[in-house]
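These are my notebook entries on one structure, kept in the order in which I looked things up. I begin with the overall fold and then turn to single strands, loops and rings.

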Amino acid sequence: MPTVEASPGVSIEYETFGDPSDPAVLLVTGFGAQLIAWHEDFCRALAERGRYVIRYDNRDCGLSTKFDDHPVDVGRFTSAVSSGDISSALAMAPYTLQDMADDGLGLLTALGIERAHVVGSSMGGAIAQTMAISHPARVLTLTSMMSSTGEPEYGRSSPEAQAVLLSPKPTDREGYIAAAEKDLVWGSKRYGSAALLRELAAESYDRAYYSAGSGRQLAAVILGGSRADALRELRVPTLVIHGLDDILTDPSGGRRTAQLVPGAKLLLIADMGHDRPREVWGEITDALVSHTG
């Protein structure tokens with residue numbers, strides 16, 4: 001896969017599918033997720049419907065630039081935020097959500113793409129929203145999937161889901177793959193598959209196991225704060241997609257996003273959690289093709 005310098009000192013690993021002359025769709029991954037979280041078959045299905053699909057590793061993940069010189073103690077960071085010591089929390093975070101958004105836009109620039117349809121999932125939804133807010137002229141359409149607005153009262157995680165998200169992952173391959181089954185807690189109740197979670201975990205571990213970046217990504221998201229006021233002023237055509245089984249980001253996050261953005265469309269998908277089971281790909285791709293048309 002190729003790499004480009006998307007921001008000063010930040011190289012981004014990416015992969016494309018389809019014809020570059022077709023409308024570009026930039027897929028933005030979630031917290032700690034490599035570009036392979038957007039399944040290759042999903043990307044090809046979208047490309048076959050006339051879209052030039054681009055998936056990439058966020059900074060501090062996969063094969064993109066790592067920030068090893070800036071370790072973040074998640075416990076200390078969350079304690080600082082909880083106690084209101086925002087200055088200490090800010091001092092721990094080496095980059096912001098805006099920096100992560102600029103990486104995606106920088107990738108588009110490096111590819112010679114002035115404007116694109118931007119689709120973000122989970123943390124990627126927050127990044128995609130930030131792209132549209134800060135550079136609306138470059139975002140043809142926005143799709144925010146299984147995400148929220150940064151307001152703490154919306155899109156809350158259940159205690160069980162939050163505990164799994166924040167628990168340290170084993171560092172050995174076998175343990176890492178086995179622990180992936182815990183992610184079933186926030187998956188589709190009907191279609192969730194432990195076997196598929198283990199398969200993705202194995203592929204992720206072998207491609208680029210790296211856990212240290214998660215704390216820094218988490219810091220960027222939390223310190224990004226609420227985007228509510230900016231979303232009220234957003235004039236980019238917006239689609240919000242959320243699974244009704246999602247307990248990692250409660251569907252209230254999606255509903256709130258659609259409520260705030262003028263003219264936004266809301267698609268709530270039954271039997272989808274904080275995942276994208278193959279069984280709902282058709283509904284998602286239909287919605288994306290319609291929205292990006």
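What radius of gyration does the protein have, and what would a compact globule of 293 residues have? I noted 18 Å for the protein against a value near 19 Å for a compact globule with 293 residues, so the two agree; the radius is taken over C-alpha atoms, and the globule rule is 2.2 Å times the number of residues to the power 0.38.

Before going further I recorded that this is a predicted model, in which local features need pLDDT of at least 70 and side-chain atom pairs count only at pLDDT 80 or more, while totals for chains, interfaces and linings use all residues. Residues are numbered from 1 along each chain as its sequence is written, and side-chain values use heavy atoms, with hydrogens and water left out.

**Entry: overall fold.** I found that the C-alpha trace spans about 45 × 40 × 35 Å along its principal axes. The protein has 12 helices and eight strands, these being DSSP runs numbered from the N terminus (H or I with at least four residues for helices, E with at least two for strands). Of the 293 residues, 52% are buried, where buried means under 20% relative accessible area, exposed over 50% and partly exposed in between, with a 1.4 Å probe and protein chains only. Among contacts (heavy atoms within 4.5 Å) with a separation of 6 or more, 76% are between residues 24 or more positions apart.

**Entry: strand S4 and the loop after it.** I looked up the neighbours of S4 and found that S2 (residues 10–17) runs antiparallel to S4 over four bridges, with phenylalanine 17 partnered by valine 53; strands count as paired if DSSP finds at least two bridges between them. S3 (residues 24–28) pairs with S4 in the parallel sense, also over four bridges, and there valine 25 stands opposite valine 53. S3, helix H1 (residues 40–47) and S4 form a right-handed β-α-β unit, meaning that, with the strands pointing away from the viewer, the path from the first strand over the helix to the second runs clockwise.

In a regular strand the side chains alternate between the two faces of the sheet. I checked both faces of S4 and found Tyr52, Ile54 and Tyr56 buried on one side, and Val53 and Arg55 buried on the other. In the loop between S4 (52–56) and helix H2 (74–82) lies aspartate 60, whose phi is near 70 degrees, a positive value in a residue other than glycine. Aspartate 60 counts as buried because its relative accessibility is 2%.

**Entry: strand S6 and the loop after it.** Six of the seven residues of S6 are buried, so this strand is largely enclosed by the rest of the structure. I listed six bridges to S5 (residues 116–121), which runs parallel to S6, and four to S7 (residues 238–243), likewise parallel. Serine 121 stands opposite methionine 145, and serine 144 opposite valine 240 in S7. S5, helix H5 (residues 123–134) and S6 make another right-handed β-α-β unit. Methionine 146, in the loop between S6 (139–145) and helix H6 (159–166), has a positive phi of about 45 degrees although it is not a glycine.

**Entry: charges over rings.** Which ring lies under the charged end of arginine 59? I found the ring of tyrosine 95, its centre 4.9 Å away, the criterion being NZ of Lys or CZ of Arg within 6 Å of the ring centre and within 35 degrees of the ring normal. Lysine 66 likewise has its charged end over the ring of tyrosine 210, 5.2 Å from the centre.
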